[in-house]
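User: Please take a close look at one part of this model, the long helix that leads into the core. Set it in the context of the whole chain.

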Amino acid sequence: MDFRFSPEQEAFRGEVRAFIKDEWPPKPGDQSFTRKLAKKGWLTMSWPKEYGGQAASHIQQLVYNEEMAYYQAPGQSMGTDRVGPTIILFGTDEQKKEFLPRIANDELHWCQGFSEPGSGSDLASLQTRAVRDGDNYVINGQKIWTSGAQLADYMILLARTDPDAPKHRGISYFLLDMKSPGVSVRPLVQMTGQAGFNEVFFEDVRIPASAIVGEVNRGWYVSTATLDFERSGIGRVIGGLRTYEAMLQYAKQAPSPSPKYRRLFDVPSLRHALADVGLSFSVGRLLSYRVAWMQSQNLVPNYEASMAKTLGTELHQRLARIAINALGLQGQLREGDFVPLHGEAANFYLSTVSLTIAAGTSEINRNIIATRGLGLPRG
Ligand SMILES: Cc1cc2nc3c(=O)[nH]c(=O)nc-3n(C[C@H](O)[C@H](O)[C@H](O)COP(=O)(O)OP(=O)(O)OC[C@H]3O[C@@H](n4cnc5c(N)ncnc54)[C@H](O)[C@@H]3O)c2cc1C
């Protein structure tokens, strides 16, 4: 098996890297980074040309995603990585005309209204109702953990259109204008102190029937495509690599934690833990390459994406624990001149907790690996 990239792909990697070095993080007063990516056509490089993309190969997209993830730069938006591709697959001509150019130009912010207080892993049990009334549907109910809803122009919304059908067969997939009367957003503050996600309430919200993506009552199957797009990225593995490299650098230079050892890097358990993490980054990278390669062959990665996601997200948490333990009490501080790694360990520790919950928990992904990957009967 040859894992090397072609000279053209390596040249493109160099181009992306040079762009990131110049443009990320943006300087005050700069145009938004993603708007610049949109201008270069990079946000939608793998979309078909007829929808404003460049029809780039999955491997070129992988190279791009890998560089963006490594530098922790936002190389995609929710619109470009999952909403646009879902509309391309299932949307009407009118929906394509209305939304795809604006998504490609980074003019619309999206949020994903799937989870509810009683429906997360068992998403198909969702209770938000959409009742037909003439040319409209009337929405009532609540979503939770809706990332970015406070900034979003539109939501991809799952609502129950047939309460009597079996649970997977009574759901429809809507494109909801967040400015519609009756939508209210309440931010939820996380333990990092940020308020990245929200509760969203719907009170008699009217939405045109033409806003349904795919067929009425078949929205579950549309949403699984959206979730497949969401889970397939290499970012969940490579996103923490720079923190790992910073930790290695620190371990090489930091003084001894106790008289028993000469330097931090002499501590055997830390040496082994860091070696182990390095090993897992290499495995995770290859699992992610496999997902992209399958896509390039028109195969649908399923348990393969779950393997990369589970390994990558748990790896981030393991690295966070190693870093916070190795850095001692100061490592728990998030800012201050004397704080090791400029507080990165503490921030990383807090922010990685949610990774094994978002986009399908580790347990749910292990169930997928067990049933679809290993052929074990459902438990
Ligand atoms: C950072 C972050 C961002 C998010 N953003 C969004 C968003 O934008 N839009 C959105 O719709 N949702 C979002 N979510 C919600 C996310 O999709 C859900 O949290 C996730 O699906 C789990 O659902 P839950 O929280 O209801 O937990 P539950 O489903 O109640 O699970 C509770 C526990 O039970 C376990 N469990 C459940 N079922 C099984 C089973 N069958 N077998 C074994 N174990 C099981 C779970 O693994 C978990 O440990 C986000 C979550 C996070 C953390």
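Analyst: The chain has a radius of gyration of 22 Å, which agrees with the value near 21 Å for a compact globule of 379 residues. That radius is taken over C-alpha atoms, and the globule rule is 2.2 Å times the number of residues to the power 0.38. This is a predicted model: local features need pLDDT of at least 70, side-chain atom pairs count only at pLDDT 80 or more, and totals for chains, interfaces and linings use all residues. Residues are numbered from 1 along each chain as its sequence is written.

The C-alpha atoms fill a box of roughly 80 × 55 × 45 Å along the principal axes. The chain holds 12 helices and 8 strands. These are DSSP runs, numbered from the N terminus: helices are H or I with at least four residues, strands are E with at least two. The domain assignment gives domain 1 (7-76), domain 2 (110-217) and domain 3 (232-373). Such bounds come from an automatic or database assignment. The C-alpha centres of domain 1 and domain 2 lie 31 Å apart.

Now the helix. α9 covers residues 268-296. Its 29 residues should span 42 Å at 1.5 Å a residue, and its end C-alpha atoms are 42 Å apart, which agrees. The expected span is 1.5 Å times one less than the number of residues.

Buried positions in α9 are A273, L274, V277, F281, G284, L287, S288, V291, A292 and Q295. A residue is buried if 20 or more other C-beta atoms lie within 10 Å of its own, exposed if 12 or fewer, and partly exposed in between, with C-beta atoms placed from the backbone. An α-helix has 3.6 residues a turn, so residues three or four places apart point the same way. The cover over the buried residues of α9 includes α3 (58-70), α7 (235-238), α8 (241-253) and α10. Just after α9, N298 takes a positive phi of about 60 degrees.

V277 also belongs to the largest nonpolar core, which has 77 residues. It is listed among those with the most contacts inside that core, alongside W110, M155, F174, L176 and A323. A nonpolar core is a set of buried Ala, Val, Leu, Ile, Met, Phe, Trp, Tyr and Cys residues joined through C-beta atoms within 7 Å. Helix α10 (residues 303-326) gives the most to this core, with 10 residues.

Take A323. Leaving aside neighbours within four places in sequence, A323 is in contact with M247, G331, A345 and F348. Contact means that the C-beta atoms, placed from the backbone, lie within 7 Å. Across the chain, residues 24 or more positions apart account for 67% of the contacts with a separation of 6 or more. Buried residues make up 37% of the 379 residues.

The strands come next. β3 (residues 136-147) and β7 (residues 197-208) pair in the antiparallel sense over 9 bridges, with V138 bridged to R206. Strands pair if DSSP finds at least two bridges between them. β6 (residues 183-188) joins β7 through 6 bridges, also antiparallel. β2 (residues 129-133) runs antiparallel to β3, with 5 bridges. These two strands form a hairpin with 2 residues between them, and G134 in the turn has a positive phi of about 65 degrees.

Last, a contrast at the chain's other end. P377 sits in the segment after α12 (362-373). P377 is exposed because it has 6 other C-beta atoms within 10 Å.

Key: Two residues are in contact if their C-beta atoms, placed from the backbone, lie within 7 Å.
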